[in-house]
Amino acid sequence: MKVIKSADKLEETKGECNEFTYSLFKYLSNLKDKNTATRKLRLGLLVDYFISFHSLSRVIKQNPQIVAENSNIPVYIMNYLIETFTEVTPNQFDSVQYVKTPRLQLKLIFYIIVSSLIAFEYSFNIIPLAKAMKVELKQMIQYCREVGCSVDERKIKDDIVTVTLKAPLTIRTDKFAKK
């Protein structure tokens, strides 16, 4: 992905990124404070890398450097993602493979949601994010609620489902969770 140097160059990158990343960059290009915009733009790039990593297969058999090159993620970020969101398991050919377990996959999804909330100032439309991650909307709403977001059921219409993280934080306990 190209580095966006100004709001004028934003339209040129529209075809290179998913709808969610484009909407995030468009939102950030309208911020008045350049320091805040730069910091949040970096966070937006990290969210894009998270989404790209999420779309990789559950089992990564290649060297992390090769995976980084193929997915356009910097090597140092790919190493962080593999270290944080996969478990190393040996395979039968005396090499290692990296497995995204269901628990670590959920951890990645929650990182994506929380990072997106921070970038969008704690309220955003989750439909583009659900499409980019290839997750059903109903499941994405569930994930957002587990993070502590509120979703107004009456506002689910016209491809806009806004989730909001309000203070004070209310943690939802799942009725099926082990106690």
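**View 1. The cysteines C144 and C149, in a structure that holds zero disulfides.**
A disulfide here is a pair of cysteine sulfur atoms within 2.5 Å. The sulfur of C144 has its closest cysteine sulfur in C149, 5.1 Å away, which is too far for a bond. Seen from the other side, C149 is in no disulfide either, with the sulfur of C144 as its nearest. Are these two cysteines buried or exposed? C144 is buried, with a relative accessible area of 0%, and C149 is buried at 6%. For these legends, buried means under 20% relative accessible area, exposed means over 50%, and partly exposed is in between (1.4 Å probe, protein chains only).

Before moving on, a word on how to read the views. This is a predicted model, in which local features need pLDDT of at least 70, side-chain atom pairs count only at pLDDT 80 or more, and totals for chains, interfaces and linings use all residues. Residues are numbered from 1 along each chain as its sequence is written, and side-chain values use heavy atoms, with hydrogens and water left out.

**View 2. The whole chain, with seven helices and six strands.**
Helices (H or I, at least four residues) and strands (E, at least two) are DSSP runs, numbered from the N terminus. Following the sequence, you meet them in the pattern α-α-β-α-α-β-β-α-β-α-α-β-β. The chain has 179 residues, and 39% of them count as buried. How much of the contact pattern joins residues at least 24 apart? Taking contacts between residues at least 6 apart in sequence, the share is 52%. Contact means heavy atoms within 4.5 Å.

**View 3. Helix 1 and the elements around its buried residues.**
Helix 1 covers residues 19-29, and its buried residues are F20, T21, Y22, L24, F25 and L28. What do they pack against? Their partners are helix 2 (34-54), helix 5 (102-119), strand 4 (123-125) and helix 6 (127-133). A general point helps when looking at any helix: an α-helix has 3.6 residues a turn, so residues three or four places apart point the same way.

**View 4. Helix 1 against helix 2, with axes crossing at roughly 175°.**
The two axes come within 10 Å of each other. That angle makes helix 1 roughly antiparallel to helix 2. From helix 1, the contact is made by F20, T21, L24, F25 and L28, and from helix 2 by A37, K40, L41, G44, L45, V47, D48 and I51. Sorted by class, this contact has nine nonpolar, two polar and two charged residues. The axes are lines fitted to C-alpha atoms, for helices over the stretch in contact, and angles run from 0 to 180 degrees between N-to-C directions. Angles under 35 degrees count as roughly parallel, over 145 as roughly antiparallel, 65 to 115 as roughly perpendicular and the rest as oblique. For the classes, Ala, Val, Leu, Ile, Met, Phe, Trp, Tyr, Cys and Pro are nonpolar, Asp, Glu, Lys and Arg are charged, and the others, Gly among them, are polar.

**View 5. A close look at L24 in helix 1.**
L24 is buried, with a relative accessible area of 0%. Which residues does L24 touch, leaving aside its neighbours within four places in sequence? They are G44, A119 and F120. The C-alpha atom of L24 is also separated by 9.3 Å from that of F124, although the two residues are 100 apart along the chain.

**View 6. A close look at I118 in helix 5.**
I118 is partly exposed, with a relative accessible area of 36%. Setting aside neighbours within four places in sequence, I118 is in contact with K40 and L43. I118 and L165 are 47 residues apart in sequence, and their C-alpha atoms are 9.6 Å apart in space.

**View 7. An open sheet of three strands, in the order 4-6-5.**
The pairing in this sheet is antiparallel. Strand 4 and strand 5 (150-151) stand at the edges with a single partner strand each, so one side of each is left without a neighbour in the sheet. Strand 4 pairs with strand 6 (residues 162-164) over three bridges, and the bridge partner of S123 in strand 6 is T164. Two strands pair if DSSP finds at least two bridges between them.

**View 8. Strand 3 and its antiparallel pairing with strand 1 and strand 2.**
Strand 1 (residues 59-60) and strand 3 (residues 96-99) pair over two bridges, with V99 as the bridge partner of V59. Strand 2 (residues 87-90) pairs with strand 3 over four bridges, and V88 stands opposite Y98. Strand 2 and strand 3 form a hairpin with five residues between them, and D94 in the turn has a positive phi of about 60°.
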